[in-house]
Amino acid sequence: MLSFKELPSRIQILARQLMLVLALMSITRLLFLVFNPEHFSGIVFYDFIIGAWFDCITMGLFFLPYVIIYLVPLPVRDKKWHRLVSGGLFFATTILMVGLNLMDIEYFKYTSKRSTMDLLAILGAGSDLKQLITTFITDFWYLIACFVLMIIAIYKSYKRIIKKAVHGPEEPKGFSFRNVLFYFLVIGLMVFIGRGGFVFKPVGVLDASRFVNTSKTAFVLNTPFTMVKSIGDDGLREMNFYSSIKETEQYFNPVKTSVPQHILPDSTNVVIIILESFGKEFIGFYSGEKTYTPFLDSLLAQSLTFTGGFANGKKSIEAVPSIFASIPSLQDNPYISSQYNSNRVIGLPELLKKHGYESAFYHGATNGSMRFDSFAQFIGFDHYVGKKEYGNEAHSDKTWGILDEYFNPWTAKQITKLKAPFLATLFTLSSHHPYFIPEHRKKDVIEGPQPLCASVSYGDLSLRLFFEEAKKQPWYDNTLFVLCADHTPGTVTDFYNLRTQLYQIPVAFFHPGGKLPKAQQDKIVQQIDIYPTILDLLNIESSFYSFGESVYSSNDRFSVSYLQGDYFYFEKNKMLVFSQNQARNLYDFTSRSNSLVDIISGNRQEAEGYEKRLKAIIQRYNHDLIRNKTTAIK
């Protein structure tokens, strides 16, 4: 058997190069942990080993082209141009892998998952990246510094490997049987490693959950792997948990009929306010701790709200279809940027238009941001009003758009131009990275342990300005206000980084005339429940398509969300984790512990009941989106 020193010099060099890449990948994983300690608890040596295994698989995939070119058993490999091409390919591949991992160190705080190719679709939606690039460089300079240091390390190590390579027996120049043999052996080995070993199907992102707890999958995975595994993703596939769609209806049916409640007068106006990144963590009304939202707290005390308010996603781009079309993003690609975004849907604005409602979507960001303007038009909004329509650059935060303290009260006055009854939506902006607060407001905000606290406080101040202006308008008293967040933000708190807390947001219904109860009801209400609830409250009787349930429905309440292969199903006080077509864990999401305790073994029957309904939801979701059957029309 050949010893390492007896191997051809090129094989020795290749082995050392790949060990260098593996070391760099391990360093980026360690940095990932250092900068996100609150997201991961109980990391042990075994997790690093599994992470290294996924790194090896990734190297098998990414470096296969390099190996094919570098070891080619032809005379060209002794040419200077070949050395330049192969060396350039090695550098480019290594820098790409390291760069993607470093990028996700901070982006993970907001998405709670490793990035996939949907990131490119999101960045391509509008001019957000161009506007934010300067801020990213300023705020995350340390990641750029790490990147530069790693590039220097790659260059110096590469030169040292070439210079100090231990040469085996003299290699024949150009073509030889020995070179050909090693060429195909190494390529075969790279393919074997890239597949993940002797497996029927190549290892994928979901396989991480076979080796570690769901809360650790993002740690053991790496971003180049999740990116390459999502290339050419054909989207959803049909699921057959039940023999037919008809059979799923005993557990779940998205075709519903509204039930007028006759609580509010007919033709009541509706204003939906989507609060950027307002997680429950910062709202004293819910948390029972220090509050950064005194005005929102006072409003919630006068509203119908819920102990279990849930977002259906972790991104702003996922919130809009959930709220206005009652379609969650139960897939890797957000619904708006997925291949199903042109499916026929009858959104809330379109349905209300049939009953005489004019509608407008107000968002202070640059027009085109996250394709909100296009999607708003697609689901039936009559008007989209953004930074362009506001028309005063002096009030811009120079990053995202118009500051909330200006855009919010301006929106209240603009709503008056709509013909009643109307549906108006205000999507706030300023409580978002880079958390800019104008100098004259810094003395007014409440500071906290992270920059977001003051930013949420500024958002609350701006919300108060909206209502102060709205109270002056003729439509105020005859308006139903719906308040919710788009998603939870990144946080440094261990508790609010738990999977059980990852989606908890405020959801509230407020009527100035006091026609709704002022109560916090102990029930689950999610973003996709807003659409059917509004129909019931407006006394509109209609069939419609919705994955949510009205808060007045007698059906069991639940919430559902999806994150990188894992489905999270909430019912009663439990959260079921479902991946690879089976229930994995069951947790009590009302527990105040900073760690998760899996209770599935002692609650099998309860978990099976949740699993049956979730399977019906998944099967119906995939079937209907694939076949473009996302309306109540037969």
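Colleague: At what angle do the axes of helix H2 (residues 45–62) and helix H4 (residues 80–111) cross?

Modeller: This is a predicted model, in which local features need pLDDT of at least 70 and side-chain atom pairs count only at pLDDT 80 or more, while totals for chains, interfaces and linings use all residues. Residues are numbered from 1 along each chain as its sequence is written, and side-chain values use heavy atoms, without hydrogens and water. Helices (H or I, at least four residues) and strands (E, at least two) are DSSP runs numbered from the N terminus; axes are lines fitted to C-alpha atoms, for helices over the stretch in contact, and angles between N-to-C directions run from 0 to 180 degrees. The axes of H2 and H4 come within 11 Å, and their crossing angle is roughly 140 degrees.

Colleague: How are H2 and H4 oriented to each other, and which hand does their crossing have?

Modeller: Angles under 35 degrees count as roughly parallel, over 145 as roughly antiparallel, 65 to 115 as roughly perpendicular and the rest as oblique. H2 and H4 are therefore oblique to each other. A crossing is left-handed if the near helix is turned anticlockwise from the far one by less than a right angle, and right-handed if clockwise; that of H2 and H4 is right-handed.

Colleague: Which residues make the contact of H2 and H4, and how do they divide by class?

Modeller: With contact meaning heavy atoms within 4.5 Å, H2 contributes Thr58, Met59 and Phe62, and H4 contributes Thr93, Leu96 and Met97. Ala, Val, Leu, Ile, Met, Phe, Trp, Tyr, Cys and Pro count as nonpolar, Asp, Glu, Lys and Arg as charged, and the others, Gly among them, as polar. The residues of this contact are four nonpolar, two polar and no charged.

Colleague: How far apart are the axes of H2 and helix H8 (residues 177–195), and what is the class make-up of their contact?

Modeller: H2 packs with H8 at about 130 degrees, the axes being 7 Å apart, and that angle makes H2 oblique to H8. The crossing of H2 and H8 is left-handed. From H2, Cys56, Ile57, Met59, Gly60 and Leu61 meet Met190, Ile193 and Gly194 of H8. The contact of H2 with H8 thus lists six nonpolar, two polar and no charged residues.

Colleague: Which strands are the edges of the open sheet with the order S11-S12-S13-S14?

Modeller: This open sheet has four strands with antiparallel pairing, where two strands pair if DSSP finds at least two bridges between them. Each edge strand pairs on one side only; the edge strands are S11 (558–563) and S14 (582–588).

Colleague: What is the bridge partner of Phe558 in S12?

Modeller: S11 pairs with strand S12 (residues 566–571) in the antiparallel sense, over six bridges. In S12, the bridge partner of Phe558 is Glu571.

Colleague: What distance does helix H21 (residues 604–626) reach from its first C-alpha to its last?

Modeller: H21 packs on the four-stranded sheet, touching S11, S12, strand S13 (574–579) and S14, and its direction makes about 55 degrees with that of S13. The expected span of a helix is 1.5 Å times one less than its number of residues. H21 has 23 residues, and close to the expected 33 Å is its reach of 32 Å.

Colleague: Why is one side of S5 and of S9 left without a neighbour in the sheet?

Modeller: The open sheet of eight strands has mixed pairing and the order S5-S4-S6-S2-S7-S8-S3-S9. One side of each is left without a neighbour because S5 (383–385) and S9 (519–526) stand at the edges, each with a single partner strand.

Colleague: Which residue of S6 is the bridge partner of Ala360?

Modeller: Strand S4 (residues 358–363) and strand S6 (residues 422–427) pair over six bridges, in the parallel sense. The bridge partner of Ala360 in S6 is Ala424.

Colleague: What is omega for the peptide bond from Ala420 to Pro421?

Modeller: Pro421 lies in the loop between helix H18 (404–415) and S6. The bond from Ala420 to Pro421 is cis, with omega near -5 degrees.

Colleague: How are H18 and H19 oriented to each other?

Modeller: H18 and helix H19 (451–470) pack with their axes 8 Å apart, at an angle of about 25 degrees. H18 and H19 are therefore, relative to each other, roughly parallel.
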